[in-house]
Amino acid sequence: MIDDLYLIEKHAYRSSIVHLMDARVKLLIVLAFIVAIVAVPYSVRVIELGAIFFAFFAGLWCCSRLSPLIYARRLVLILPFGIFLILFQIFFKNRYYDIFHPIATLPFGIEVYAESAEFASILFVKFIVSVSFIILISSTTRMQDLLDASRRLGLPQEFVLPLGMMIRYLFVFAEMIGKVRCALDTRCFDPFDRHLPYRYRLRQVGYTIGMIFIRSYEQGERTYTSMLCRGYGENARAHLVKKPLRPREVSFFAGTLIFIAVATAVVYLHP
Amino acid sequence: MHIPDAFIPIGQSVIYWIIALAFIILSLRWARKSMGEERVPLVAVLAAGVFAIQAMNVPIPWGTSGHMVGAALAAIVLGSPYAGVFVLTLVLLVQGVVFGDGGITTMGANIVNMGVVGGFVGYYGYAALQGIVRSPYAAAFAAGWASLFVSAILCAGELAVAGTFPLGFGLVSMGLYHAVIGVIEGGITAVALYLISSARPDILEHPQVVSG
């Protein structure tokens, strides 16, 4: 995951109408789409609504001038987080249906149910729509802008400094992980080499992780010292420039919320 | 163990968010009282370190791989279960919003599972077991293992309550898988603790507990 950090940020540094949009607007819109698709009850109408939401996402993705391959690559990386849970659904009965009709019988008496397959497809649609919007915001918004947007939206002050520093040091650690892997390769150590005793492999990986832990702590100490030199103290607050939303951003935000509400209502009220 | 969006209905997600927020507020209170200004940068950088540690895949005896969560290690080293909550909240926030690993609506449940349960089981398991096994590293191993196992069982329970995964199968599959994967969490928690107590004992919040 951390290997993709630079690539994601590189995409976020591009320029397009979506990239230039205020991060608060993007963040709230993404949250609204995710909450809306998750909030609708599990029924086949989710598929229809999901298609509408996905079309909206596709439009924004086109406007971002990012290649569809970037989306596909990131989607492939995220899919395993949910796809197995979705695939298993077809073998189980669930509480959302009263009657289940077997459509296939596998060895050991395992049955695949039509209703379970339908439920799996509903989950799949909800999952895809949610992760697509996450991919959109992370590919078109710099991490620092996301943090600033969160601050402007009221993220507690206690979280601001640690989160900001964490984001900054993620890049340091991404590089460190690369160097650690390189060092392990240089020593011909492969944690997956079955010729080596398992305890030995676990110990070596444990030492590596412990070393990263110590390095991160020592980095924190150095950071603290340099912050003290710059006047950091208990009551220090990072400055944030006031940034009012432009009328077109407000219009886009309001229009999108109305779109979400209307699309949801039309799909569900339609007989 | 990161539950994606859509696998927990919105009503239940709100409940998990409320529980998570209660613990986040407590962890912020702990941060304000116990961390001190000098520890804020340390914990923040540590959170980035835990994020990096989660990127390290470790082999599991039966051929697959897994990675550690790190809540138990953070809680033990920083001397408070709330450290686990604080660090894991930061990590899960970035994982969910930037990488799509774990959902936005389900982030509350993920924070409860990995941060709260991981931190509390890890910390108190370690404290309780130290008196019994008399070896801080054996205690760290068991606490690390238990933190992951209990989190996985809770995760299976949440999915069952949500109606998106049957309880029996979830308990068996998640329980078995994480009982094995917990060896990584426990083993690396113990090894990392040994390394830290040897190389930088001053880092540990209660170094005498480890050396004793």
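Author: Helices and strands are DSSP runs here, with at least four residues for a helix and at least two for a strand. On that basis chain B of this predicted model has 7 helices and 2 strands.

Reader: In what pattern do the elements of chain B follow one another along the sequence?

Author: Chain B reads α-β-β-α-α-α-α-α-α. Of its 212 residues, 62% count as buried. Among contacts in chain B between residues at least 6 apart in sequence, those joining residues at least 24 apart make up 70%.

Reader: How should a single helix be read, and what is the case for α5(B)?

Author: An α-helix has 3.6 residues a turn, so residues three or four places apart point the same way. Helix α5 of chain B covers residues 136-162, 27 in number. From its first C-alpha to its last it reaches 38 Å, close to the 39 Å expected at 1.5 Å a residue.

Reader: How many residues of α5(B) are buried, and which residue follows the helix?

Author: The helix α5(B) is mostly covered, with 20 of its 27 residues buried. B:Gly163 comes after α5(B) and has a positive phi, near 80°.

Reader: Now the interface. How many residues of chain B are in contact with chain A?

Author: The size of an interface is often given as the accessible area lost when the parts come together. Here the account is by residue contacts: 53 residues of chain B are in contact with 64 residues of chain A. On the chain B side, α1 (10-54), β1 (58-59), α3 (81-99) and α6 (167-199) each supply at least two residues. The most come from α1(B), which gives 19 residues. By residue class, the side of chain B that touches chain A divides into 39 nonpolar, 8 polar and 6 charged.

Reader: Which residues have the most contacts inside the largest nonpolar core?

Author: That core has 141 residues, and those with the most contacts inside it are A:Met166, B:Val43, B:Ala47, B:Ala74 and B:Val87. Its largest share, 17 residues, comes from α1(B). From chain A, domain 1 (2-151 + 244-269) and domain 2 (156-229) each contribute at least three residues to this core.

Reader: What does A:Met166 touch?

Author: Leaving out residues up to four places away in sequence, A:Met166 touches B:Ala44, B:Ala47, B:Ala48, B:Leu90 and B:Val94. One of these, B:Ala47, was also listed with A:Met166 among the residues with the most contacts inside the core.

Reader: What separates the two domains of chain A, centre to centre, and how many residues does each give to their contact?

Author: The assignment for chain A gives domain 1 (2-151 + 244-269) and domain 2 (156-229). Their centres, taken over C-alpha atoms, are 32 Å apart. The contact takes 7 residues from domain 1 of chain A and 9 residues from domain 2 of chain A. On the domain 1 side, α1 (5-12) and α8 (143-152) of chain A are the elements that give two or more residues. The most come from α8(A), with 4 residues. That side of domain 1 divides into 5 nonpolar, 1 polar and 1 charged.

Reader: Last, the strands of chain A. How do β1(A) and β2(A) run, and how many bridges join them?

Author: Strands β1(A) and β2 (residues 110-113) of chain A run antiparallel and are joined by 4 bridges. Across the pair, A:Leu106 stands opposite A:Ile110. The hairpin has 3 residues between the strands, and A:Phe108 takes a positive phi near 65° in it.

Reader: Is β1(A) mostly covered or hardly covered?

Author: Hardly covered: among the 5 residues of β1 (residues 102-106) of chain A, the count of buried residues is 0.

Notes. Residues numbered from 1 in each chain as written. Chains lettered and ligands numbered in written order. Predicted model: local features only at pLDDT ≥ 70, side-chain atom pairs only at ≥ 80, totals over all residues. Contact = placed C-beta atoms within 7 Å. Nonpolar A, V, L, I, M, F, W, Y, C, P; charged D, E, K, R; others polar. Core = buried A, V, L, I, M, F, W, Y, C linked by C-beta atoms within 7 Å. Buried ≥ 20, exposed ≤ 12 C-beta atoms within 10 Å, placed from the backbone. Domains from an automatic or database assignment. Expected span 1.5 Å × (residues − 1). Pairing = 2+ DSSP bridges.
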